[in-house]
Amino acid sequence: EVTSAEGAESKYRVAEIYYQRNQPDEAENEISDFADKTTPHQYWMAKSFLLWADIFADRGDEFQAIQTLQSLIDYYGNSEDGIIAQAKEKQRALTDAQNPNAAPDKEVQEIEIELN
């Protein structure tokens, strides 16, 4: 039952416990089941998608992890509860890990050499 706030949170927490116990398949099954149900509690659904992105990343499927996070960034309606910020942070970390030399934070120094 995911129509109540408690039920939606419980569904997420079960998936989270599976993930913490190193049972990603069971966690993914819970998240998938949750996604198939209609819930008015989008916060807990979004938390589940953040967890799903972690599962994809742990399996080495960075592409799917990044796309899952991008969906949250694009379509999650509340910018005040931290979900979008978490999605952006996770996405940036995955992208930086894929392209360590292209990280925007790194400063490039130019060196001038005089030839005599």
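Which residues does Glu1 touch, not counting residues up to four places away in sequence? They are Gly7 and Ala8, where a contact means heavy atoms within 4.5 Å. Before this answer is placed in its setting, the origin of the model should be stated. This is a predicted model, in which local features need pLDDT of at least 70 and side-chain atom pairs count only at pLDDT 80 or more, while totals for chains, interfaces and linings use all residues. Residues are numbered from 1 along each chain as its sequence is written, and side-chain values use heavy atoms, with hydrogens and water left out.

The term pLDDT denotes the predictor's confidence in each residue, from 0 to 100. The protein chain has a mean pLDDT of 89, and 86% of its residues reach 70 or more. Among the elements of the chain, helix 1 has the highest mean pLDDT, 97, and helix 5 the lowest, 93.

The overall plan may be considered next. The protein chain contains five helices and zero strands; here helices (H or I, at least four residues) and strands (E, at least two) are DSSP runs, numbered from the N terminus. Read from the N terminus on, the order of elements is α-α-α-α-α. Of the 116 residues in the chain, 32% are buried. A residue is called buried under 20% relative accessible area, exposed over 50%, and partly exposed in between, with a 1.4 Å probe and protein chains only. Among the contacts with a separation of 6 or more, 53% join residues 24 or more positions apart.

Glu1 can now be described further. Its place is in the segment before helix 1, and Glu1 counts as exposed because its relative accessibility is 60%. Although Glu1 and Lys37 are 36 residues apart along the chain, their C-alpha atoms are separated by 8.7 Å.

Moving along the chain, the reader reaches Asn22, in the loop between helix 1 and helix 2. Asn22 has a phi near 60°, a positive value in a residue other than glycine. With a relative accessible area of 65%, Asn22 is exposed. Glu26, by contrast, lies in helix 2 and is partly exposed, since its relative accessible area is 33%. From Glu26 to Ala15 the distance is 7.2 Å, C-alpha to C-alpha, with their positions 11 residues apart in sequence.

Helix 3 deserves a fuller account. This helix covers residues 42–58, 17 residues in total, and reaches 24 Å from its first C-alpha to its last, close to the 24 Å expected at 1.5 Å a residue. The expected span is 1.5 Å times one less than the number of residues. Its buried residues are Trp44, Met45, Ala46, Lys47, Ser48, Leu50, Leu51, Trp52, Ala53, Ile55 and Phe56. The cover over them includes helix 1 (5–20), helix 2 (24–36), helix 4 (62–75) and helix 5 (83–98). After helix 3 comes Gly60, whose phi is positive, near 85°.

How do two of these helices meet? Two packed helices are described by the angle between their axes and the distance between the axes. The axes of helix 2 and helix 3 come within 10 Å and cross at roughly 145°. Such axes are lines fitted to C-alpha atoms, for helices over the stretch in contact, and the angles run from 0 to 180 degrees between N-to-C directions. On the side of helix 2, the residues in contact are Pro24, Ala27, Glu28, Ile31, Ser32, Phe34 and Ala35, and these meet Trp44, Met45, Ser48, Phe49, Leu51, Trp52, Ile55 and Phe56 in helix 3. By class, this contact has 12 nonpolar, two polar and one charged residues. Ala, Val, Leu, Ile, Met, Phe, Trp, Tyr, Cys and Pro count as nonpolar, Asp, Glu, Lys and Arg as charged, and the others, Gly among them, as polar.

Two residues further along the chain complete the path. Ser71 is placed in helix 4 and counts as partly exposed because its relative accessibility is 35%. The C-alpha atoms of Ser71 and Phe49 are 9.2 Å apart, and the two residues are 22 residues apart along the chain. Gly77 is found in the loop between helix 4 and helix 5; at 77% relative accessibility, Gly77 counts as exposed. Gly77 and Tyr43 are 34 residues apart in sequence, and 9.6 Å separates them in space, C-alpha to C-alpha.
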